[in-house]
Amino acid sequence: MTEREKLIVKNVDKVKQLILDAERWIWSHPEVGYTEWQTSGYLLEKFEALGYEPVRADRDPDHGKIPGFYADIDTGRPGPCFCIMGELDALDIANHPESVNGMAHSCGHNGQTAALLGAAAALKEPGALDGLSGKIRLMAVPAEEMIQLEFREELRKKGVIKYNGGKTEFIYRGYFDDVDIAVLVHATSMDVDFYGFKGSNGCIAKVITYKGKSSHAGGAPHLGINAQYAAMLGLQACNDLRETLQEKDSIRFHPIMKGVNCAVNIIPDEMKLESYVRGATMEAMLRENKKFNRALAGGAVAMGAGLTLCDRPGYAPRNHCIPLVEEFEKACTDLVGKDRIKFDYNAWLTSSSDVGDVTMLMPACQISAGGACGKSHGIDFCIKDPERMCVNSAKAQLFLAERLLSDGAAKAKEIIAGYVPPYSSKEAYFEAISQADKLCEAVEYSEDGSITVKV
Ligand SMILES: [Zn+2]
Ligand SMILES: [Zn+2]
């Protein structure tokens, strides 16, 4: 460990209680995407007390009010902007024993944001910025989990948001415009202190609505059209398509039925489903999504039901900047030693994150920090060892900042110069993801008996 790294350890240890308190507070106040007002407010208060001047997403004169913010700390010397991100949102998971109002931090984002606060506090300690160039942006981002798709569709209609993913929305609003490199440390239950990987799937977010006709289920089923049965047939067809999927595309399709809103003695006239189509590339996601839509329409046609398809851009595939991951690996090794980390440069995960969208535009990556237990998104998940997950992760991110921004930010400049983004501009990236944007009535019935399917 260098003298500078020893100072970082000392500075973070000094604010350890702030980190541990934040982890507990955010854990006990879970909020889902775009409703994280308490969490954002809690952090804003702490950031302001530390002397930061956060730029708040709810005070953006050009866009709708959403939770989240960013705050910069400038070294006073010119150089790139290095962004540390933390996610604010929890999940709907009512059966988690510690759920509050049906929600819990079953993905451990409470640990990330506690670490973000810790990094912010440690950067205010004496000597923290000595020898660094450029600036550090600390960003609290809402809505990482792509859930409550109908609620987000409402927010879109009202003009509050344009994109379902918080980072995608932040990119759209320009909060990443002057960021050059971005990182995030997520929680993991793996028995390692840090885990690095190559990247992961992207996704398209889908709301699927079958429309039938209500009628007496016992007395007059012949007058009804059963939307639930149409949905079941559509899903059966999707499941039968799975054998046509190719390993290389890493496709995942995991629909949930949202249930009916009528009594048992009524033929259900509506069945809503939500799903993603995940995949390793945008091309693969769009291609397979079309097939799934066709299969879903087949279920509607069989029953004579209607079908509304609402597809929205989810996340871009997460293509980590490998030289940046390598630098992170060195930072983690300095902190905990080689035996306690695992960096697998071939590992492609099948989950998705809007960190993927950030990787489309700049060198960015996500790694994981151990200290959680249970299954991610499971009812047994929690941050068991917050020192390991949150305190270590604040230290590792500041070790990385040191590596990137010291020596006139030489390493950061080298990584930025060597990086070739998948899209040449923000506009080109938004144009590409707009291909996943669709709202249509997929099945039309004509008087002459012909049926038109549009997917
Ligand atoms: Zn998650
Ligand atoms: Zn997560």
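A pocket, as I'll use the word today, is an open set of grid points where a 1.4 Å probe fits, with protein on both sides within 12 Å along at least five of seven lines. Hi everyone, and please keep in mind that what we're looking at is a predicted model.

With that in hand, let's start with the largest pocket, which has a volume of about 980 Å³. Its lining counts 36 residues, and the closest to the pocket centre are L91, C107, E145, R278 and H377.

What does that lining look like by class? There are 15 nonpolar, 13 polar and eight charged residues in the lining of the largest pocket. Several strands contribute at least two residues each, among them strand 7 (181–187), strand 8 (194–211) and strand 14 (341–352). Strand 11 gives the largest share of the lining, with four residues.

Now, hold on to C107, one of those residues closest to the centre of the largest pocket, because C107 is also a metal ligand here: together with H109 and H186, C107 coordinates the zinc ion (ligand 2), and C107 counts as buried. The donor atoms are SG of C107 and NE2 of both H109 and H186, at 2.0 to 2.3 Å. Along the sequence, these donors follow the spacing C-x1-H-x76-H.

Which residue bridges the two zinc ions? That's C107 again, linking ligand 2 to the zinc ion (ligand 1), and the two ions lie 3.1 Å apart.

Finally, are these donors buried or exposed? C107 has a relative accessible area of 8%, so C107 is buried. H109, at 0% relative accessibility, is buried too. Thanks for listening!

Notes
Residues are numbered from 1 along each chain as its sequence is written. Chains are lettered from A and ligands numbered from 1 in the order in which they are written. This is a predicted model: local features need pLDDT of at least 70, side-chain atom pairs count only at pLDDT 80 or more; totals for chains, interfaces and linings use all residues. Side-chain values use heavy atoms; hydrogens and water are left out. Donors are N, O and S atoms within 2.8 Å of the metal (3.2 Å for Na, K and Ca); water is not among the atoms, so sites may look incomplete. Buried means under 20% relative accessible area, exposed over 50%, partly exposed in between (1.4 Å probe, protein chains only). On a 1 Å grid over the protein atoms alone, a cavity is a set of points where a 1.4 Å probe fits but cannot get out, and a pocket is an open set with protein on both sides within 12 Å along at least five of seven lines; lining residues have an atom within 4 Å of a point. Grid points are joined across faces, edges and corners, and a volume is the space filled by probe spheres set on the points. Ala, Val, Leu, Ile, Met, Phe, Trp, Tyr, Cys and Pro count as nonpolar, Asp, Glu, Lys and Arg as charged, and the others, Gly among them, as polar.
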